[in-house]
Amino acid sequence: MERYICIHGHFYQPPRENPWLEDVEFQESAYPFHDWNERITEECYEPNAMSRILDSQNRIVRIVNNYARISFNVGPTLLAWMERQKPHVYQAILEADRESRELFSGHGSAIAQCYNHMIMPLANRRDKYTQIVWGIRDFEHRFGRHPEGMWLPETAVDLEALDMMAQEGIVFTILEPGQARRIRPPGSSAWEDVSGGRVDSTRAYKVRLPSGKTISVFFYDGPVSRAVAFERLLSNGVHFANRIAGLFNNQRSWPQLAHIATDGETYGHHHRYGDMALAYALHYIESQNIARLTNYGEFLELHPPTHEVQIIENTSWSCAHGIERWRSNCGCNSGMNPAWNQSWRAPLRGSLDWLRDTLIPHFEKLGRTLVRDSWAARDDYISVVLDRSADAIERFIEQHAIRTLKPSEKTTLLKLMEMQRHTMLMYTSCGWFFDELSGIETIQVIQYAERALQLGQELFGNGFEAQFLERLGKAPSNVSAYKDGRHIFVRFVKPTVVDLLKVGAHYAMSSLFENYEEHDKVYCYTVDLQDYRFQTAGRARMALGRARIMSDVTLESVELCFGVLHLGDHNLSGGLRIFNNAETYAQITQEIGETFARADITGVIRMLDSHFASKTYSLQLLFRDQQRKVLNMILDTSLAEAEAAYRQIYEYHAPLMRYLSNLNMPIPRSFQMSAEFALNTDLRRALEAEHLDPENITALLDEAQRAGVTLDKEGLRYTLEHTISRIADQFEEHPLRLTLLQELETAINLVRQLPFEVNLWKTQNVYYKMVQTVYPDLQNRAGRGSKSAQTWLTHFTALGEDLRVRLDG
C-alpha cells in the first residue's frame with residue numbers, strides 16, 4: 001500500500017508598506033528589529049531556508065532548505081518585500097521550488113496565493129478575479145512557471161472563487177476538513193454526509209463548479225495541524241514525524257496521503273526552533289522509509305481524485321462562525337483581551353465597501369476616456385506593480401490606451417490604477433483578524449483606504465473623505481482615549497498622508513544631514529536637484545535650493561524652491577513654494593542668503609515665513625525613518641551630556657551601591673537608574689566595537705551583577721549577534737586570514753560567558769559553507785606539510801567545536 005506525506009506551510013505577512021512611500025517604516029513593537037517583516041524573517045523565513053539537522057550530541061551534521069521538501073505558498077506582497085530587503089532569502093525560496101521539481105516528478109512545491117490576502121467570499125466579483133489573476137501573474141514572474149495550486153486566504157471559500165481559479169488554470173486548493181459537506185464515490189448518486197470535519201483527508205477530491213469545470217481539493221488533517229500550531233508538537237522532530245505517520249490506516253485500500261497545513265510562521269516564529277523540528281521530521285521520514293515525501297501536484301498526477309465533494313461555502317479555517325471574523329463581532333479574537341469586543345468590524349467593512357462602491361462608477365467613467373477596458377487594464381496592472389520602470393509603464397499604457405496619451409493623461413491613468421490597487425489592499429484580512437481597531441494591522445488598511453480617497457479626490461474632485469469618516473466614526477474603539485474610527489483616522493492615519501510638497505519638505509530638511517546626488521531617490525520619488533546653496537554661521541546652518549520632485553508611481557511631478565534653517569538641537573524650520581520663475585527664485589535666495597551672511601538669524605526666520613508663508617514645516621514632517629535618524633544625530637550632544645551626568649552619579653556612588661548590595665539592602669531607584677544607563681551603554685559600545693575586548697566586557701558584566709543592574713538583554717543580544725555576523729562575513733570573504741579566524745574564535749568564546757543567549761545561526765551557516773568549500777583545500781595543504789595550513793586547521797576545528805558543527809557530518 002502506497003503511503004505519502006505532505007506538509008504545507010502558508011507563509012504570509014500582511015502588506016506593511018506606507019501607501020505613499022511604498023516601503024515599510026520603523027515599527028516600535030518589533031524591537032530590536034526595524035519592523036515585523038524583518039523580525040519574522042530572522043525568526044522563521046530565513047531559518048527554514050537553512051535549517052539544521054543535529055546528531056545525538058546536538059551537533060550540526062547537515063544544513064537543509066526545508067522549502068524544497070514541503071508544499072508552501074508565500075504571500076506575493078511578502079515576496080516583493082523579501083526581494084528588496086532580504087534577497088538571499090528570496091533566492092533561497094525560488095531555488096527550493098526549482099529543487100522540488102527535481103524531487104517530485106517535475107512538480108514544484110510552491111503554490112500561488114490570492115494577491116493581498118483578501119477574504120474572497122466577502123469580495124465583489126471584480127476583486128475576486130483580479131486577486132486571482134494578480135496572484136497567478138506574480139507567481140509566474142517570480143517562479144517562472146504557471147502555478148498548479150492556489151492558497152485561499154484563511155481558506156475562506158465559495159464556489160465563485162473556485163470557479164474563477166479553475167478557469168485560470170488552477171488545478172487544486174487546500175481546505176480545512178470542516179469545510180467539506182458531503183462526498184460520493186464514482187458512479188454513485190448517493191451522498192455521504194462528512195460535515196463536522198469527518199471527511200477522510202488521505203485522498204484528493206474534486207468539486208464540480210457552476211461553469212462545468214472541476215477543481216481538486218485536499219482537506220488537511222485537522223487534529224495534527226492543530227497539534228503543530230498550538231500543542232507544542234514541534235518540541236521533538238521524531239514525535240512530529242510519528243504523529244503524521246499515525247494518520248495512515250492499514251484498513252484503507254487506496255494510496256494514502258497524510259498531510260497537514262499550518263501557518264508557515266509556526267516553524268520558527270511562533271515556536272522557536274520549529275524549523276529544526278520540521279527539518280528533522282522530514283529527514284526521519286525519509287531515512288526510516290516511513291513514507292514517500294511528496295507535494296500536492298505530484299500526488300494528483302499519480303492519484304487523481306475519484307470521489308466528488310460538496311463544500312460548505314462561506315467558511316474558513318480560523319473562524320468557527322464561517323467568515324464572520326472579518327465582518328462582525330462573532331467572538332473570534334486573539335483571546336489576549338477578554339474584556340474587549342469587536343463591534344468595530346462591521347462599521348469598518350461597511351465604510352470600506354461604501355468607498356469601493358462609490359469610486360467604481362467614477363473609475364469606469366474616467367477610464368473610458370483613456371483605455372479600451374478599465375477592468376482589463378486593472379487586471380493587467382500587476383505588470384507595472386512588478387516592474388515600475390519607465391519602459392514597463394509605457395508598455396502597459398500602449399497596450400491599453402485608446403490613443404496616444406499626453407503626459408498628464410498618463411498620470412491620470414496611473415492614478416486610476418493606483419486607486420484601484422489601494423481599494424484592494426484595504427481589504428487585507430489582518431485588518432479584521434485581531435482585537436482592536438487601533439491595532440497596527442487595522443490602521444494599515446485604513447491607510448490604504450485613505451490613499452484611495454486621496455487619489456479619488458485628486459481625480460474626481462469630490463469630498464469623499466467627509467462621508468467616509470462619517471461612516472468610520474461608527475466603529476467604536478476598545479481604548480477610551482481613541483474613541484472611534486474617526487478619531488483613530490485623525491490621530492494615526494492623516495499625519496502619514498504624503499503629497500509632492502511633503503516629499504520636497506522632507507528632502508530639504510534631510511539635505512542638511514546627508515549628501516544627496518543631483519539625481520537621487522527619496523523612497524518611491526525621484527528628485528532632480530536644480531540648484532543648492534548651503535551656508536553656515538556658528539551652529540546655524542541654512543540651505544536654499546530648487547528641485548523637481550516626481551512620483552515614480554504616478555509620474556506626477558512638481559518643481560519647488562525651498563529654504564531650511566537649523567539652529568541646532570531640534571530647532572529646524574523652513575518652507576517651500578512652487579517654483580514660478582528664475583527671477584523670483586534668484587531674488588529670494590539673494591535676500592535670504594545676504595541676511596544669513598550678516599548672522600541676522602531673526603531676519604532669516606522672518607524672510608522664510610514671508611517667502612514661504614503658505615508651506616512652512618518642521619522636523620515633524622520628516623518621514624519616520626529619516627526623522628529617527630536625524631533626531632539621533634541631533635540628540636548626540638544632549639545624550640552625551642545626559643550620559644556624562646548619569647555616569648558621574650554612578651561612579652561617585654558605585655562603592656555605596658556595592659555595599660548596599662552586599663548587605664542585601666535595596667538600592668535607591670535613582671542610583672540604580674544611573675547604573676543601568678551607564679553600564680548598558682558601556683556594554684552596548686563594547687559589543688559593537690570593531691575588535692571585541694573580552695576582558696573589558698567580562699568586567700562590565702561583573703560590575704552589572706554586583707550593582708544589581710537589569711541588563712537590556714534583548715538589545716545587547718541583537719548588538720552582539722550583528723557584530724559576530726560582521727566578523728563571520730569578513731572571514732568568509734577572506735578565509736585564509738588567520739587573524740579573522742582567531743577574532744571569530746574570541747567572539748564565540750565570549751558568548752559562553754554571557755548571562756543571555758546569543759543566536760549564532762548566521763555564523764554557523766558561514767562555517768558550514770566553508771567546511772564544504774575552503775576546508776578540503778586546507779586539509780590537502782596541511783597534508784603536504786604546510787605549517788600555516790596546519791595552524792589554520794587547528795583554529796578552524798576549535799571554532800567548529802564551539803559552534804557545534806560536526807566536521808565529519
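This report describes the enclosed cavities of the structure and the residues that line the two largest of them.

The model is a predicted one, and the count of cavities of 30 Å³ or more comes to four. The table sets out the volume and the lining composition of the largest and the second largest cavity.

| Cavity | Volume | Nonpolar lining residues | Polar lining residues | Charged lining residues |
|---|---|---|---|---|
| Largest | about 70 Å³ | five | four | two |
| Second largest | about 50 Å³ | seven | two | one |

**The largest cavity**

The lining of the largest cavity includes Pro 14, Pro 15, Arg 16 and Gln 27, together with Thr 428, Cys 430, Gly 431, Ile 440, Glu 441, Gln 444 and Val 445. The elements that give two or more residues to this lining are helix H15, which spans 430–433, and helix H16, which spans 440–460. Of these elements, H16 gives the most to the lining of the largest cavity, with four residues.

**The second largest cavity**

Around the second largest cavity, the lining is made up of Val 74, Pro 76, Leu 79, Ile 111, Ala 112, Gln 113, Gly 135, Asp 138, Phe 139 and Phe 143. At least two residues of this lining come from each of helix H2 (76–85), strand E5 (112–113) and helix H4 (125–143), and H4 gives the most, with four residues. Asp is counted as charged, so Asp 138, which belongs to this lining, is the one charged residue in the lining of the second largest cavity.

Definitions and conventions:
Residues are numbered from 1 along each chain as its sequence is written. This is a predicted model: local features need pLDDT of at least 70, side-chain atom pairs count only at pLDDT 80 or more; totals for chains, interfaces and linings use all residues. Side-chain values use heavy atoms; hydrogens and water are left out. On a 1 Å grid over the protein atoms alone, a cavity is a set of points where a 1.4 Å probe fits but cannot get out, and a pocket is an open set with protein on both sides within 12 Å along at least five of seven lines; lining residues have an atom within 4 Å of a point. Grid points are joined across faces, edges and corners, and a volume is the space filled by probe spheres set on the points.
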